[in-house]
Amino acid sequence: MSEKVEQKQLAKPDEWSPAKLTLGKRIGKDFRVNWQLYVMFVLPVIYYIIFRYIPMFGNILAFRKYNSGGNIFGEGPLTLKYFKQFITGKPFWQAFSNTLILNGLYLLFRFPLTLIFALLLNEIRNLHWKKFVQTVSYLPHFISMVIVCGMIKELLSTSGPINDVIARLGGEKISFISLAEWFRTIFVASGVWQSLGWGTILYLAAMSGINPSLYEAATVDGANHFQQVMHVTIPCILPTIATLLILDIGGLVGSGGAFEKVYLLYSPLTYETSDIVSTYVFRMGIESGSINFATAVGMFEGVINLILLTVANFVSRRVANTSLW
Amino acid sequence: MSESEKTKLKLEEIHIHNPKNKIKDSIGYRVFTVFNTIIMILVAVATLYPFLYLVAQSFTSTQAIIEGYTGLVPKGFNIDTYAYVLTRNDHEFLRYYLNTIIYTVIGTVLSLFFSSILAYPLSKPNLKINRILSPFIIFTMYFGGGLMANYVLMLKLGLKNSMWGFILPMLISTYYVILMRSFFMSIPKDLEEAGEIDGLNKWGVFWFIARPLSTPIIATMTLFYAVMYWNNWFNAKLYLQDKAKWPVAYFLQTIIRGAGANEPDAQNMTANIKSCAMVLTVLPIICVYPAIQKYYVQGMMLGGVKE
């Protein structure tokens with residue numbers, strides 16, 4: 001009990017006059033009360049230092065030579081030659097534009113479709129039916145990309161069901177997977193298939209939090225269902241839409257999510273539309289062993305990604321009054 | 001049941017049972033309802049079709065597969081393919097499957113532990129260090145080491161060809177830590193304070209009060225982490241050269257990608273063999289995820305709410 005009183009007395013002054021104590025001193029005082037909580041996060045923080053921050057600084061390999069088995073922060077003087085190498089090479093720019101195109105197209109289709117699907121789900125009145133559709137639509141989210149791509153290959157193979165339908169309709173069979181012009185369609189369609197249901201969760205959560213009196217007021221004012229959606233539902237979930245959009249725009253250049261699928265589906269035959277930065281990094285770094293070169297490429301992507309995210313966050317704070325930080 | 005779910009149910013009740021409401025439904029809205037139902041049926045069918053197709057193929061005879069059979073009813077129904085997949089190459093499939101189970105169980109337990117001992121202190125708004133700790137953790141979501149720097153580090157740590165090379169890179173997911181933190185924040189303070197008055201220290205409060213109240217988020221995280229370990233093949237590709245250590249997802253990758261060196265007979269594998277392997281791998285996930293749906297929906301909801 002006395003400890004709690006003490007804690008309150010400690011908390012009060014710096015709540016009202018934060019300038020009086022430096023953050024360091026406040027943490028010091030706090031530590032005496034809450035040291036058990038401080039001890040709790042020691043192991044995870046060590047994990048973050050080793051497995052997150054050391055690799056972050058390991059990006060210095062973009063500027064310093066790495067010798068196999070040597071210093072993970074490289075050796076010798078700093079150099080820009082690895083950057084020059086990839087910036088002047090055609091494969092990098094092809095991969096860079098493919099990353100933008102694939103992510104951009106995917107966002108362009110997935111984002112509105114997810115929102116529409118959420119709005120439609122929200123209109124279902126039969127709870128059992130609604131729950132069933134939701135459960136089914138979440139399924140692809142939990143499936144390994146290996147299985148998803150295995151399915152894609154089976155469905156699209158020349159002896160698969162889609163070509164079977166084409167053949168029955170008198171068309172010519174298409175070997176989708178090995179044709180560069182089909183890659184974007186396959187990528188976007190399978191992406192929408194996999195993320196449509198899961199993407200609605202946050203929207204539905206936001207919708208369930210809308211105050212029912214708003215709908216009642218709209219009904220009294222003579223709004224029909226469609227008008228209620230346009231003037232109540234959508235404005236109420238706008239912060240959610242904005243947050244998700246920032247995250248997506250921030251990920252436009254990043255290829256974290258796309259790597260697995262592209263890697264599993266592409267082949268030298270389709271590089272011109274399918275090769276993205278992260279698969280390029282993988283081929284260069286892991287398969288060909290050009291560690292420095294690949295680090296430079298990867299870091300370039302990471303930095304652009306961070307810039308994009310910061311800009312998107314800034315714009316969103318200005319326009320929608322919502323931001324990630 | 002959460003508050004919002006309750007109000008939603010109430011709303012639903014008003015909608016369904018209020019006769020006034022029924023009269024008010026315009027023809028336009030009724031047309032929309034029909035249209036909406038059709039769309040939902042289409043979405044459900046499109047989602048399930050690939051799975052049903054795999055199951056049908058896995059039971060179809062090799063003869064029918066070679067002839068190009070693509071129906072949803074197995075032709076020449078048999079379970080020989082399953083028997084073949086499970087026993088071929090000295091039961092290698094079972095070995096990969098067992099590896100996956102081991103990695104998933106060990107990884108999930110460790111991940112849950114590490115994530116919660118980080119998320120719990122982060123959820124305390126009056127903990128002064130959070131002003132530093134929070135950005136320290138969250139920044140890693142936006143910028144990271146990238147593939148190469150991580151790879152080089154793992155080699156340096158000597159984690160190549162070890163189970164830890166598979167587990168450690170994904171031990172703590174920052175996003176999941178944030179979800180857990182949001183849940184811990186929603187635990188009523190009074191309960192924790194009552195625990196302290198009863199003589200529990202901070203660890204005691206965490207273990208005996210916060211943890212039992214956190215079943216929804218713990219169930220959610222168990223599912224998310226378990227699925228993550230179950231599905232991962234890339235860490236295996238990077239760090240597990242020894243075939244005896246492969247998880248099943250990586251084995252699937254080699255047969256689906258048909259990459260020559262690792263799996264020379266991948267080219268000769270017929271669709272029914274691949275389908276069997278895929279069905280067996282996906283089955284546990286399909287069985288588990290609907291059971292805890294209400295928990296993860298709730299968990300995602302809390303996490304989505306801005307702090």
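**A quick tour of chains A and B**

B:His91 counts as exposed because just 12 C-beta neighbours fall inside 10 Å, and a residue with 12 or fewer is called exposed. That's one small spot in a predicted model, so let's start there and then work outwards to the domains and the chain pairing.

**Two residues with positive phi**

- As background, most residues other than glycine have a negative phi.
- B:His91 isn't a glycine, yet its phi is positive, near 55°.
- You'll find B:His91 in helix α5 of chain B, which covers residues 80–122.
- B:Asn161 is another non-glycine residue with a positive phi, this time about 60°.
- Look for B:Asn161 in the loop that links α7 (146–156) to α8 (163–167) of chain B.
- B:Asn161 is exposed too, because it has 12 other C-beta atoms within 10 Å.

**Chain B as a whole**

- Chain B has 16 helices and 0 strands.
- Its length is 307 residues, and 37% of them count as buried.
- Take the contacts in chain B with a separation of 6 or more: 69% of them pair residues that sit 24 or more positions apart.

**Domains of chain B**

- Chain B is assigned two stretches: domain 1 spans 3–66 and domain 2 spans 84–304.
- Where the two domains of chain B touch, domain 1 brings 8 residues and domain 2 brings 7.
- On the domain 1 side, the elements giving two or more residues are α3 (27–59) and α4 (62–66) of chain B.
- The largest share of that side is from α3(B), with 4 residues.
- By class, the domain 1 side has 4 nonpolar and 4 polar residues, and no charged ones.

**Domains of chain A**

- For chain A, the assignment gives domain 1 as 2–82 and domain 2 as 84–319.
- The centres of these two domains of chain A, taken over C-alpha atoms, are 34 Å apart.
- In chain A, 8 residues of domain 1 are in contact with 9 residues of domain 2.
- The domain 1 side of that contact in chain A splits into 5 nonpolar, 1 polar and 2 charged residues.

**Where the chains meet**

- The contact between the chains takes in 83 residues from chain B and 79 from chain A.
- Which element gives the most to the side of chain B that touches chain A? That's α3(B), with 12 residues.
- The chain B side that touches chain A has 52 nonpolar, 21 polar and 10 charged residues.
- So α3(B) turns up twice: it gives residues to the domain 1 side within chain B, and to the side of chain B that touches chain A.

Notes. Residues numbered from 1 in each chain as written. Chains lettered and ligands numbered in written order. Predicted model: local features only at pLDDT ≥ 70, side-chain atom pairs only at ≥ 80, totals over all residues. Buried ≥ 20, exposed ≤ 12 C-beta atoms within 10 Å, placed from the backbone. Domains from an automatic or database assignment. Nonpolar A, V, L, I, M, F, W, Y, C, P; charged D, E, K, R; others polar.
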